[in-house]
Amino acid sequence: MSTVIALVDDDRNILTSVSIALQAEGFITRVYSDSEAALKALTENPPDLAVLDVKMPRMDGMELLRRLREKSAIPVIFLTSKDDELDEALGLAMGADDYIAKPFSQRLLIARIRAVLRRAEMRATPVDEEGEAAEPAQIVRGRLAMDPARHRVTWGGKDVTLTVTEFMILEALAQRPGVVKSRNQLMDVAYQDDIYVDDRTIDSHIKRLRRKFRAVDEDFGAIETLYGVGYRFAEE
């Protein structure tokens, strides 16, 4: 069965262009230019994932997400017209899964959508050989603790809120401390599709990861850069 993506944006040009791009990739799309009508549709007939614009009249994306989360846990990606870290932090805290700033590459958005869908599938509790519920193993590396089943990260006991893509990159690094991961390897982890992503995209994710960890520990230095090679996680 095809995956259904709901698009909510008051810009009809964006709705049309993104919808066409998604349909070309095999997705079914539902588009909404009115957030109140979208809320009713998303709760009564949930899609597999929703892409919500933050800046909308009448009811903005933040309020739409807040009301949606009262009834639904569908994955959500936010779109915003500017790279506003306050909006990002608030949106993620409210239950958004990822965040992308306008203007954006449609192929990058598609890659993010697929990454979020994969993470949502992984969050579904697997079943072991005896039919008992099992959860992905937690990762503990010094002060870092990662819980893939709950998409939770802490550093020294303090929560660090990450997007799905950031989580997957950090997870790849933390799984094998000391082992260098090239940008191409991290792109494969984060996107896993035949979609071109510029090297600078990975560098940007690493910068944002460091910034988020330094917000709870100004001396954070566990993600190391090996210039011309890649990145590694340095366990204490």
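Strands β7, residues 144-147, and β8, residues 152-155, pair in the antiparallel sense over four bridges. I should state at once that the model before you is a predicted one. Within this pair, M146 stands opposite V153 in β8.

These two strands belong to an open sheet of four, in the order β6-β7-β8-β9, with antiparallel pairing. At the edges stand β6, residues 139-141, and β9, residues 158-159; each has a single partner strand, so one side of each is left without a neighbour in the sheet.

What lies across this sheet? Helix α6, residues 164-175, lies across β6, β7 and β8. The helix runs at about 120° to β7.

Let me turn now to helix α3, residues 61-69. Which of its residues are buried? They are G61, M62, L64, L65 and L68. Because these residues cover an arc of only 160° around the axis, they fall on the same side of α3.

At the start of α3, please look at D60. One of its side-chain oxygens reaches to within 3.2 Å of the backbone nitrogen of M62.

M62 itself deserves a separate word. This residue has its place in helix α3, and its relative accessible area is 8%. Buried means under 20%, and M62 is therefore classed as buried.

Finally, how far apart are the C-alpha atoms of M62 and M94? The two residues are 32 residues apart along the chain, and their C-alpha atoms are separated by 8.0 Å.

Note on methods
Residues numbered from 1 in each chain as written. Predicted model: local features only at pLDDT ≥ 70, side-chain atom pairs only at ≥ 80, totals over all residues. Heavy atoms only, no water. Pairing = 2+ DSSP bridges. Contact = heavy atoms within 4.5 Å. Axes fitted to C-alpha atoms, helices over the stretch in contact; angles between N-to-C directions. Buried < 20%, exposed > 50% of the residue type's maximum accessible area, 1.4 Å probe, protein only. Arc of directions from axis to C-beta. Polar contact = N/O pair within 3.5 Å; in protein donor to acceptor, adjacent residues only side chain to side chain.
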